[in-house]
Amino acid sequence: MFQLNKTIVSEEILEKEFVCNLSACQGACCVDGDAGAPLDEEETKILAEIFPKVKPFLRPEGIKAIEEQGTHVVSDFVELETPLIDGKDCAYVIFDGKTALCGIEQAYNQGIVDWKKPVSCHLYPIRIKEYSDFAAVNYHKWHICDDACSLGQELGVPVYQFVKEALVRKFGQQWFDELDKVAKELKK
């Protein structure tokens, strides 16, 4: 672990390699697990605002879950999350054949909304835990991403490089540039 401004960063995000392999996992991170995608307070407002524009991209069961539960939920651990369909799929998930995709991201890709998706989804496999004085930036290992780890190793892409756009979105370009310097120093 090392400190970078107001973050504590796990060296694993520099050392581990990762590239999503949708053809292998088919978007399992959007449908497996027992919780929705983590959200921050600002994202809950964005979801409420964009829902009418995203709704045409969603499956009927996703729309129903959102209309019954809201555009976000509060977990048993008092954390903000996306709602689930019957405790499984994220309510915003759509499918292209067997592959799970994000309905929000599809609306973004078509220029309907200007918000790509929750930053926690964009950052995966990095997870951020906010504390009062700092944020912890950690690598999250999940067996459903074994193919992504293999592809990352094959291509030689470290986790932090794979999620560069999301890290810049979360912490800014200057923070990312400093992280990149640390990564290059550690390789020496």
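In the predicted model, the largest nonpolar core holds 26 residues, and the members that touch the most other members are Val9, Ile13, Ile126, Tyr160, Leu167, Trp175 and Leu179. Several secondary structure elements contribute to this core, each with at least two residues: the strands β1 (2-4) and β10 (135-139), and the helices α1 (12-15), α6 (119-123), α7 (146-155), α8 (159-162), α9 and α10. Helix α10 gives the largest share, four residues. Val9 illustrates how the core is joined. Leaving aside residues up to four places away in sequence, Val9 touches Met1, Phe2, Leu4, Val137, Trp175 and Leu179. Another core, of 23 residues, lies apart from the largest one, and its members include Leu47, Ile50, Ile104 and Ala107.

The packing of α9 against α10 can be described in terms of geometry and of residues. Helix α9 covers residues 164-171 and helix α10 covers residues 173-187. Their axes are 7 Å apart and form an angle of about 125°. The two helices are therefore oblique to each other. On the α9 side the contact is made by Lys164, Leu167, Val168 and Phe171, and on the α10 side by Gln173, Trp175, Phe176 and Leu179. By class, six of the residues in this contact are nonpolar, one is polar and one is charged. Leu167, Trp175 and Leu179 take part in this helix contact, and these three residues are also listed among the members of the largest core with the most contacts to other members.

Further along α10 is Val182. Val182 has a relative accessible area of 24% and is therefore partly exposed, since the limit for a buried residue is under 20%. Not counting residues up to four places away in sequence, Val182 touches Phe2 and Leu14. Val182 and Pro83 are 99 residues apart along the chain, and a distance of 37 Å separates their C-alpha atoms.

The chain as a whole contains ten helices and ten strands. Taken along the principal axes, the box filled by its C-alpha atoms is roughly 55 × 35 × 35 Å. The radius of gyration of the chain is 17 Å, which agrees with the value near 16 Å that a compact globule of 188 residues would have. Of the 188 residues, 44% are buried. Contacts that span long stretches of sequence were also counted. Among contacts between residues at least 6 apart in sequence, 65% join residues at least 24 apart.

Two charged residues, Lys117 and Glu105, were examined for burial. Lys117 is located in the loop between α5 (103-109) and α6. Its relative accessibility is 15%, so Lys117 counts as buried. Glu105 belongs to helix α5. Glu105 also counts as buried because its relative accessibility is 16%, and the cut-off for burial is under 20%. The two residues touch each other: with residues up to four places away in sequence left out, the contacts of Glu105 are Lys116 and Lys117. On the same basis, Lys117 touches Glu43, Cys102, Ile104, Glu105, His122 and Arg169. One of these, Ile104, is also a member of the core of 23 residues.

Some backbone features were also recorded. Most residues other than glycine have a negative phi, and most peptide bonds are trans. The peptide bond that joins Tyr124 and Pro125 is cis, with omega about 25°. Pro125 is placed in the loop between α6 and β9 (126-130).

Two residues that are not glycine have a positive phi: Asn5, at about 55°, and Asp86, at about 50°. Asn5 lies in the loop between β1 and β2 (7-9), and Asp86 in the loop between β5 (84-85) and β6 (89-90). As for accessibility, Asn5 has a relative accessible area of 47% and is therefore partly exposed. Asp86 has a relative accessible area of 72% and is therefore exposed, as the limit for an exposed residue is over 50%.

Key. Residues numbered from 1 in each chain as written. Predicted model: local features only at pLDDT ≥ 70, side-chain atom pairs only at ≥ 80, totals over all residues. Heavy atoms only, no water. Axes fitted to C-alpha atoms, helices over the stretch in contact; angles between N-to-C directions. Parallel < 35°, antiparallel > 145°, perpendicular 65-115°, else oblique. Contact = heavy atoms within 4.5 Å. Core = buried A, V, L, I, M, F, W, Y, C linked by side-chain atoms within 4.5 Å. Buried < 20%, exposed > 50% of the residue type's maximum accessible area, 1.4 Å probe, protein only. Rg over C-alpha atoms; globule rule 2.2 N^0.38 Å.
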